[in-house]
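Trainee: I would like to go through the terms used for this model and check each against its cut-off. Please show me the structure first.

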Amino acid sequence: MTPLAKEVLDNLAKFPHCILLTRVGQFYESYFSQAAEVARILNIKLASKRWGGERVPMCGFPLMHLSKYLKVLVQDNNRFVAMCEEFMKSRILGPKGGFNRRVTRIVTPGTLIDEPFLNQYENNYLLSVYAPSSADSDGNLGLGDSVGLAWIDVSTGEFFAKSIAISLLRDELVRIRPKEIVLEQSIFEDSAHPVRRTVAEEKFFVSPIHPTTQSQNDVLFAERIGSDDLTSQMEPSALTFKIALTEEESQAVQLLTAFLHANLLEHMPRLPSPSKEATTGRMQIDAHTIKSLEICETIREGSTAGSLLNSIKRTVTNGGTRLLARWISSPSVSLKEINSRQSLVAFFYARPHLRQDLSEMLCELEDSARVVQKLLLGRGDHTDLSAISVGVKVWASIKRRLELEKRMEAQEKGSLKDDEWVSLDTLVEKLHSLRVLSNRIEAALSRKGTASVASTSQDFSEDQDDHDPEPEDEAFPAVPNFKPNYVTGFNWTVRPEFSGQLTALHKTLSDCLDRRERLEQHLQAKYNAPSLTLRSSPGYGMHVHIAKAKRDVAKIRAESLFIPILESASTSNFFLQEWSQLGAQIVQTTSEIQMAEREAFEILREEVNEHETNIRRNARITDELDVTIAFASLAHEMHFVRPVLREDKFHHIVNGRHPTVELGLLAAGRTFVPNTVAFMADSPLHVITGPNMAGKSTLLRQTALVSILAQTGSFVPADTAEVGIVDAIFSRVGANDDLFRNRSTFMVEMMETADILSRATPNSLVIMDEVGRGTSVQDGLAIAFATIHHLITVNKSRALFATHFHELADMLGCSDGERGDGIFRGVRFFYTDVDEMEDGYFAYSHRLKPGVNRDSHGLKVAELAGMPASAVTVARAAIHSFRDPTVGLLSRDSSKLRSLGRTLTESSVF
Ligand SMILES: Nc1ncnc2c1ncn2[C@@H]1O[C@H](COP(=O)(O)OP(=O)(O)OP(=O)(O)O)[C@@H](O)[C@H]1O
């Protein structure tokens, strides 16, 4: 067996759960039985290779296609990929000295680092759930038991921990949207375990890990409480406050860390302490509601296009967009925090010029959280150092721009409104200067190094066809990829002054290059050959090149010092010992400079790593600034207003709009009809009736979205808005089949309704659309009535209840068309309608009016949808008969209904 075959077999045995990709020169290859599978998934050719007298299946692809195929294997097919890299045994001997190969990392869906296919706008979380092993005598967890969660985005270093009741697990998982969940092996294998079941039901990708043997006595600390509360934390010192994690959180962190160690292997970063996410202070949005309100992604496509996030996103940085996604899935319930965010938005709303300037500055920022993480992970190159330095400068410019604004305002107005500036001052005060670090990077990196500079060498551009594309460095993937251009085309990234060693090396190189130039001029003059140049190429090594051979080569050919290598009709190449020796010295010096630059890079990387915490904090502050400015721009563009937040249950949205539907309509050249919703202390529940397609669901959703936007800190789509803070939003909207869990649409509807009735509090907002429609009219009506009864008498939440059962109005005692009676006095009725035209056409008004609509106009929608005319005619006749009191829709008299069926069939309606 060849050494390579042995290595491959060893690795396949060591990592049986992975697809093994082995680097062989310029290819990644897969062998043996895996090759067929890899070839199939990647749609590449399956070949074979003779190894030890046997034919072995194999397939492979060039290095440059790695990320494309990793995406297919890891992201699209959820496979683990073990990356086996090759390393030259000897730098001096190069490839001739042979290679060592080892698996340096296992790529999994939750441990992506800086793969180009990683979505920069989204967090790529890996999440672990720790559940205490025995809760009761049967080993079952009770609903009140708490589980620990820890989640990290390895590509940005954002790391959180939290303990929650197991009953909230589903909601949390759907909110966090991890790409991979890690469970202890025993739970992973136990399909009946409540954690395992929940994870499977929500279709998350899940991986097992054996718990580590780390001492239980180790106390783990969180860096601070609350993951997204910079604005409200007035005390900068609170940011460095350390708090012990609970037992469950520590265990979850340890599971996560063990999984990272097992997979990141040589790329394992030093982990920051997690932030402990506050369990209180956040609006609870249950799993179903996050999905049905399409907050971060749409239900059908599961993409962000068409979601709330997508329609309100005006952020200009990746970090800002990720923060926005976190904020809108977890709005605040703290009046202080919301007001502080709202004040910042109002501040920027009132200053469009400042907003514009800061946005332009933010656009220059690289994704600092990602860059610093890349460097911590032992990756990255001088462009990343440069990105950090640019970041520091942008942070300083932002600060200066704000100071200037403050001075100008003070001059213009005579005095400053301190309360206007306080939130911003609090935020910006926390920006760390980091000027020393930036100066150090600036002083270290050469101008060429800070930008991608094309070679200025004429030699290089003339000779580039000769170049072998295989740079020696590629065997060392963990180090930056410096590529010197032979002899004169250098892209040095570190300035010579960085160290004495580099200065001396550059001096030697410069002397050599002078000597080369002098030698070239001397040879041109001596041999009367102006087209003579001294060159280097991988094919011919150091050689003398005559571009116009016919004219210039005569004297040279006569000299024995020049040994011909290759001559053509137009050009000639010779070997010349003096140039070979000088050239070799140049090559030697350049490779020493390369080594010294790598060392310099490592020193600078370490210095950046030392400032990791401050860089992360600054990045986090600019993320927040970006989101705030984006909210102000959104408000300006979409005519949003600042809501007044209240701690009571008063809720009055005047002419509210649905931000996503409005955008869709605008794109189609239509306008959205705004509607007013007012929950008062004496009328917390509204029943909405109206025809199909008249905008009932839209109204329900927009009411929920206005609360979410307001409590996130954004302005809201309305003319005016007073929003009583809600502790939770519950929804029962939209059909939601769940065949996976073997539950019918109606079963799902009932489960969601049951969940809402047991969880909603007087401070919650409930939206319910057509509860009871999935069963018989009688059962449905009874269930709808009971639901309203429970909401009004037990939950006492603010609620919108849309229904086609207009009979409910009678059951709730509505005699004036507007209000219920008795215990239902708090129920108010509204409806939407269609405007019928004289020509028989009709249009939806979408305008909400007090009262009850007793006509669903279902037939009109059926007609619009293209139901055959004959079927519509039969249906119309049936409706006509239902209105006949002697038949009556709700009649249980089967003989009457049988006779109706016969009449309809017999009458020649076709
Ligand atoms: N306020 C509005 N202004 C303009 N167009 C609207 C408005 N509300 C809804 N629409 C349009 O009407 C369509 C249907 O709205 P929606 O789904 O809310 O109706 P619905 O009354 O809930 O219907 P159904 O009873 O059939 O579920 C929307 O997709 C949108 O295009």
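Mentor: Start with a helix: in H24, residues Pro659, Thr660 and Glu662 are buried. These residues span an arc of only 160 degrees around the axis, which places them on the same side of H24. The arc is taken over the directions from the helix axis to the C-beta atoms.

Trainee: What kind of model is this, and how are residues numbered?

Mentor: The model is predicted; local features need pLDDT of at least 70, side-chain atom pairs count only at pLDDT 80 or more, while totals for chains, interfaces and linings use all residues. Residues are numbered from 1 along each chain, as its sequence is written.

Trainee: What makes a residue buried, exposed or partly exposed?

Mentor: Buried takes 20 or more other C-beta atoms within 10 Å of the residue's own, exposed takes 12 or fewer, and partly exposed lies in between, with C-beta atoms placed from the backbone. By that rule 42% of the 910 residues of the protein count as buried.

Trainee: Why is glutamate 294 called buried?

Mentor: It has 21 C-beta neighbours inside 10 Å, so glutamate 294 counts as buried. This residue sits in the loop between helix H8 (287-292) and helix H9 (308-312). Its phi is positive, about 50 degrees, although glutamate 294 is not a glycine.

Trainee: Is glutamate 297, in the loop between H8 and H9, buried or exposed?

Mentor: Glutamate 297 is buried, because its count is 21 C-beta neighbours inside 10 Å. Glutamate 297 and leucine 309 are twelve residues apart in sequence, and their C-alpha atoms are 7.6 Å apart.

Trainee: What makes asparagine 655 partly exposed?

Mentor: There are 15 other C-beta atoms within 10 Å, so asparagine 655 is partly exposed. The residue is in strand S21 (residues 651-656) and also has a positive phi, near 55 degrees, while being a residue other than glycine.

Trainee: How do you know what threonine 676 touches?

Mentor: Two residues are in contact if their C-beta atoms, placed from the backbone, lie within 7 Å. Not counting residues up to four places away in sequence, threonine 676 touches Ile653, Val654, Asn655 and Gly656. Threonine 676 lies in strand S22 (residues 675-679) and is partly exposed, with 15 other C-beta atoms within 10 Å.

Trainee: Which residues does isoleucine 285 contact?

Mentor: Outside its neighbours within four places in sequence, isoleucine 285 is in contact with Arg175, Ile290, Ser329 and Ile729. Its 26 C-beta neighbours inside 10 Å make isoleucine 285 buried. For the protein, residues 24 or more positions apart account for 71% of the contacts with a separation of 6 or more.

Trainee: What makes a run of residues a helix or a strand?

Mentor: Both are DSSP runs, numbered from the N terminus: helices are H or I with at least four residues, strands are E with at least two. The protein has 31 helices and 31 strands. Strand S15 covers residues 284-285 and holds isoleucine 285, so a run of two residues meets the strand minimum of at least two.

Trainee: How do you know whether helix H1 (residues 3-14) has the expected span?

Mentor: The expected span is 1.5 Å times one less than the number of residues. H1 has twelve residues and reaches 16 Å from its first C-alpha to its last, close to the 16 Å expected.

Trainee: Which residues of H1 are buried?

Mentor: Glu7, Val8 and Asn11 are. They cover an arc of only 100 degrees around the axis, so they lie on the same side of H1. An α-helix has 3.6 residues a turn, so residues three or four places apart point the same way. On the other side of H1, Lys6 and Ala13 are exposed.

Trainee: What makes a residue part of the shell around the ligand?

Mentor: Its C-beta atom, placed from the backbone, must lie within 6 Å of the molecule. Of the 13 residues around the ligand, Asn692, Gly695, Lys696, Ser697 and Thr698 come nearest. Helix H25 (696-712) gives the largest share, three residues.

Trainee: How many residues of the shell are nonpolar, polar and charged?

Mentor: The shell has six nonpolar, six polar and one charged. Ala, Val, Leu, Ile, Met, Phe, Trp, Tyr, Cys and Pro count as nonpolar, Asp, Glu, Lys and Arg as charged, and the others, Gly among them, as polar.
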